[in-house]
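Trainee: Please take one part of this model and go through it closely. I would like to look at how one chain meets its neighbours.

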Amino acid sequence: MAEHKGLNLTLKVWRQANRQAQGRFVEYKVENISTEASFLEMMDILNEQLINTADPDGPVAFDHDCREGICGMCSLFINGRGHGPDDQITTCQLHMRKFKDGDKITIEPWRSGGFPIIKDLMVDRTAYDKIMQAGGFVSVSTGGVPDANAIPISKIDADEAMDAAACIGCGCCAATCKNGSAMLFVSAKVSQLALLPQGKIEAARRAKAMVAKMDELGFGNCTNTGACELECPKSVSISHIARLNREYIIANIKD
Amino acid sequence: MANLDSKIPEGDLKDKWTNYKEHQHLVNPANKRKIDIIVVGTGLAGASAAASLAEMGFKVKAFCYQDSPRRAHSIAAQGGINAAHNYPNDGDSVYRLFYDTIKGGDYRAREANVYRLAEVSNLIIDQCVAQGVPFAREYGGLLANRSFGGALVSRTFYARGQTGQQLLLGAYSALSRQIGLGNVEMHNRTEMMDLVMVDGRCRGIVTRNLLTGEIESHFAHCVILATGGYGNVYFLSTNAMGSNGSAAMKAYRKGAYFANPCMVQIHPTCIPQHGDYQSKLTLMSESLRNDGRIWVPKKKEDAEKLQKGLIKASDIKDEDRYFYLEERYPAFGNLVPRDVASRNAKERCDAGYAVNATQNAVFLDFKYAIERLGKDVVEQRYGNLFQMYQKITDTDPYKEPMMIYPAIHYTMGGIWVDYELSTTIPGLFAAGEANFSDHGANRLGASALMQGLADGYFVLPYTVQEYLADQFNVARMDPKTTPEFQQAEKEVKEYIDKLMNVKGNESVDSIHKRLGQIMWNNVGMARSKESLETAIKEIAALRDEFWKSVKIPGSKDGLNVELEKANRVADFLELGELIARDALHREESCGGHFRVESSDNGEAKRDDEKFMYVGAWEYKGYNQAPELHKEPLNYEFIKVQTRNYKTGK
Amino acid sequence: MKGFFKSSIGKKTVMSVSGLFLILFLLFHLCMNMAAVFSAEGYNMVCEFLGSNWYAVAGTMVLAAGFLFHIIYAFVLSIQNRKARGNDRYDNQNLPKGVEWSSKNMLVLGIIVLCGLGLHFAQFWAKMMFAELAGCEEAVEGFVATAGYEGRAAVDGAAWIKYYFHNPVILVIYLVWFAALWFHLNHGFWSAFHTLGASNSKWIPRLKCISTVFTTIICLGFAVVAICGALS
């Protein structure tokens with residue numbers, strides 16, 4: 001393990017009491033943070049400090065759960081980047097060794113029309129669930145399905161489907177996008193299921209239903225900047241957006 | 001003891017489940033619409049149960065504390081899921097999977113349940129493939145398998161290192177479909193606070209909306225708890241931060257028996273703790289033990305130098321390295337079961353041979369694998385794990401050996417259920433990690449996912465119907481006007497007021513950390529009568545302290561994370577004691593439970609004469625000793641043996 | 001197809017198809033212009049061939065429609081996207097390296113291109129095709145003769161090139177315009193294919209490469225025409 005170092009940091013944190021309230025930045029100081037600590041552990045220390053000093057705003061609210069980069073619950077825009085200044089990881093996997101003593105760290109919530117702020121750094125991402133409910137599934141019920149090996153699937157397709165399926169639904173794509181577009185998220189599911197024979201059957205219906213729901217919820221239009229792909233903690237490729245476009249256009253032409 | 005009827009159907013082992021299904025009662029489709037079912041938790045068991053029951057026509061209400069059902073901690077499982085498909089043609093069968101699971105569980109699981117689990121395992125894979133789960137495949141297009149600890153066949157299906165994620169997203173998509181169709185009413189960010197009992201049956205739950213703080217109650221004809229394990233009693237574990245044992249504890253207090261709470265699995269390959277501020281431990285997949293060699297220095301002075309950072313692992317010559325698992329267990333070497341590997345690591349560290357400053361690590365070295373296979377092959381097999389390790393520790397495992405240490409990972413114990421997954425409360429079912437049923441005293445790798453989905457997709461949809469067959473004429477109750485619901489809500493509100501009114505000066509986390517310390521030191525990998533008695537005493541004291549000095553800032557209305565944590569820790573403080581009590585009474589070593597008094601040259605010694613039963617505890621009141629009920633385990637179809645990992649047979 | 005043009009992907013499809021159509025036109029335009037580099041008479045023959053003949057007028061109408069769609073949808077999409085972004089902006093946003101600068105500024109670049117187009121129309125199209133259609137060629141010729149223009153306004157394109165690009169200010173404005181066009185096209189070209197779904201992980205880098213080569217040829221070509229005009 002690398003050597004421990006204590007960091008003294010200034011945190012510029014977005015505080016907002018609720019959805020309607022006016023938010024603002026508040027600066028806090030934290031001291032002697034180990035470079036071995038994770039970013040969220042640093043936030044825990046800050047919160048312990050705020051509890052002990054009976055801060056009027058109380059501890060900072062932020063979403064997190066598994067703390068191993070897979071549940072997709074943590075978010076945060078740290079120094080201007082979704083999931084912070086390291087690539088291909090979520091905020092919970094970010095470690096303090098990425099920062100220097102004396103740094104000022106700006107911590108903001110996802111800011112996107114589709115993700116209203118609940119409190120402080122916590123946002124409402126139920127829009128993603130709603131898009132999934134519109135069509136992000138294969139319409140099979142439990143039981144009565146064929147043997148798992150009945151339909152061979154090319155390894156290449158299965159691998160590409162897995163690349164898309166790696167999406168953790170954290171919302172970083174829409175939060176990073178200058179257009180507030182959820183296309184990377186939607187395309188990951190559409191693409192995964194369109195690549196597999198069992199999902200292909202209702203691919204057209206799925207693409208139309210999910211895009212319609214995405215539009216209805218007010219997400220923006222993709223302009224292919226590619227920022228989503230670069231910030232995605234799971235490196236989901238924008239090539240899936242091309243597949244979604246293709247599926248959607250063909251589905252509409254066939255109608 | 002009389003009322004512990006496990007309701008195992010008659011007949012040969014192979015026919016039991018078929019017989020059950022053929023003779024059970026069903027609910028007519030028109031009546032299904034009149035029946036409400038509550039599912040608490042949306043992990044593999046909960047999501048799959050909610051989706052399957054809704055598909056059948058029941059009206060389902062599902063609850064989770066996360067912001068979306070897709071976040072449940074099943075998502076973090078890496079390795080894979082077992083099934084007896086025997087696609088690789090290596091001699092696997094339903095019986096062999098059943099046998100391995102019983103043996104791996106050190107003969108403390110119920111035969112009929114485990115056989116059913118093995119029986120439906122193939123259906124799970126079929127179901128998941130049909131849902132579009134992208135399992136790994138061979139170039140020929142068929143499904144790939146790999147081997148896992150505790151088995152002699154390759155029966156594990158996987159989706160890279162993210163099998164749990166893919167299976168959960170499959171169940172989540174099925175659940176989403178039902179939510180979209182209006183058959184499931186989903187309640188995110190909602191915590192179950194209590195059960196509602198009407199005339200001796202479970203008829204609903206009281207919940208707290210985590211965003212608004214609102215206390216509500218919900219009616220259902222039956223309730224399913226799929227709320228996962230209680231590993232977070234130990235504060236540091238591989239569980240998610242929010243994983244808790246509260247739903248199980250609320251059920252326990254309402255009369256559900258809690259079975260085998262001391263059966264806790266400690267996983268040997270986790271990244272060691274590095275500081276007091278640490279919030280959780282990260283698991284490194286067990287598959288690393290296939291090619292990595294575990295060692296500590298032979299000489300104490302080398303270990304001391306390592307601890308002081310004066311030398312590095314590479315400075316120690318091969319002849320000065322003690323490959324303790326290979327030397328002690330020649331037949332299995334580094335691949336001994338999880339409990340054995342964990343205990344040996346602890347033994348070496350306690351003896352002063354730990355290799356890091358905090359004295360809680362052993363080496364897992366890939367130097368030899370790289371020499372034998374080449375860096376490319378090692379990278380192909382473990383690249384993503386190595387990358388994860390490097391991100392967390394800032395050390396390159398290709399150059400320096402990994403440091404690992406055991407950590408709490410899974411809880412085999414849980415709410416006692418019969419063959420139908422029904423608890424001792426009529427109308428209350430428990431599924432997945434929340435129940436105790438299938439893993440005995442130790443769970444094999446890649447079996448947790450199998451059990452969660454088996455319960456949700458293929459067991460509960462049948463057994464719940466058996467219970468509901470005469471319930472359709474019970475009219476829906478309005479929680480707003482039914483006195484039992486109003487009373488339950490009132491009690492929950494009073495409980496929250498009680499928590500808020502403590503107004504002490506100690507944060508919830510600091511108390512939780514102290515509980516974790518007590519648990520880890522006294523009820524961890526090696527337990528003794530003395531340590532357990534100490535633990536019971538200390539936990540009771542800490543519990544009193546909690547109710548005197550816990551500090552919860554903010555108000556009970558609206559989002560209050562500290563209040564959520566306090567509610568969970570209050571339950572952990574009782575659960576911790578229950579674990580210790582169970583461990584104290586079980587004067588044998590089996591699976592994850594190791595009593596130092598019951599050992600043979602440091603090896604676990606089971607006592608089948610006295611302890612071949614499930615210990616189910618009945619709640620008797622706050623600060624009262626619970627009452628033990630025993631469910632004897634009869635092995636009719638399998639020969640009970642001693643686990644032996646030293647010789648080949 | 002119901003609702004297709006109201007959907008986000010439908011609108012983007014309109015942008016892509018109209019964009020690709022305009023790119024094709026640019027290629028056609030450049031081919032004609034290249035004649036001017038080699039021979040003034042040759043170029044004028046092309047100008048005369050097109051003139052205000054029915055096919056040229058019809059082509060222009062279609063082209064105008066293409067522009068109109070492209071521009072209207074660009075504004076509609078931009079307004080929607082601004083709204084989708086929500087009311088709050090990040091205190092600072094450091095996008096990682098790899099996001100094309102042009103992709104973030106397509107609207108601004110488009111507006112610059114549009115302004116340049118206005119100038120270009122006033123300088124060339126209004127005095128050639130439009131003048132011929134409106135029957136006011138002589139008035140135009142009379143007006144510009146004082147400034148040194150020699151030729152038959154409607155068909156002597158070569159003379160117009162010489163007339164305008166001899167002015168260094170106009171030359172520089174045009175070169176800036178071509179630069180903006182380069183950025184706009186460099187993103188627009190591959191992006192159009194991507195939006196139409198004619199792309200995948202293998203073809204994204206290839207399309208981007210083709211995009212850069214193609215765009216450079218177009219913009220460099222126009223620049224060469226302008227510079228040759230200035231030097232003639």
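Mentor: Two residues count as being in contact if their C-beta atoms, placed from the backbone, lie within 7 Å. Keep in mind that this is a predicted model. With that cut-off, chain B and chain C do not touch, and their nearest C-alpha atoms are 19 Å apart. Two pairs of chains do touch, and of these the pair of chains A and B has the most contacts.

Now take the contact between chains A and C. Chain A puts 39 residues into this contact, and chain C puts in 40. On the side of chain A that touches chain C, four elements supply at least two residues each: the strand β5 (104–108) and the helices α7 (203–216), α8 (227–231) and α9 (239–254). The most comes from α9(A), which gives eight residues. Sorted by class, this side of chain A has 20 polar, ten nonpolar and nine charged residues.

Chain A also has a contact within itself. The domain assignment splits chain A into domain 1, covering 6–119, and domain 2, covering 125–254. Taken over C-alpha atoms, the centres of these two domains of chain A are 30 Å apart. Domain 1 of chain A brings 18 residues to the contact between them, and domain 2 of chain A also brings 18 residues. On the domain 1 side of that contact in chain A, ten residues are polar, six are nonpolar and two are charged.

Key
Residues are numbered from 1 along each chain as its sequence is written. Chains are lettered from A and ligands numbered from 1 in the order in which they are written. This is a predicted model: local features need pLDDT of at least 70, side-chain atom pairs count only at pLDDT 80 or more; totals for chains, interfaces and linings use all residues. Domain bounds come from an automatic or database domain assignment. Ala, Val, Leu, Ile, Met, Phe, Trp, Tyr, Cys and Pro count as nonpolar, Asp, Glu, Lys and Arg as charged, and the others, Gly among them, as polar.
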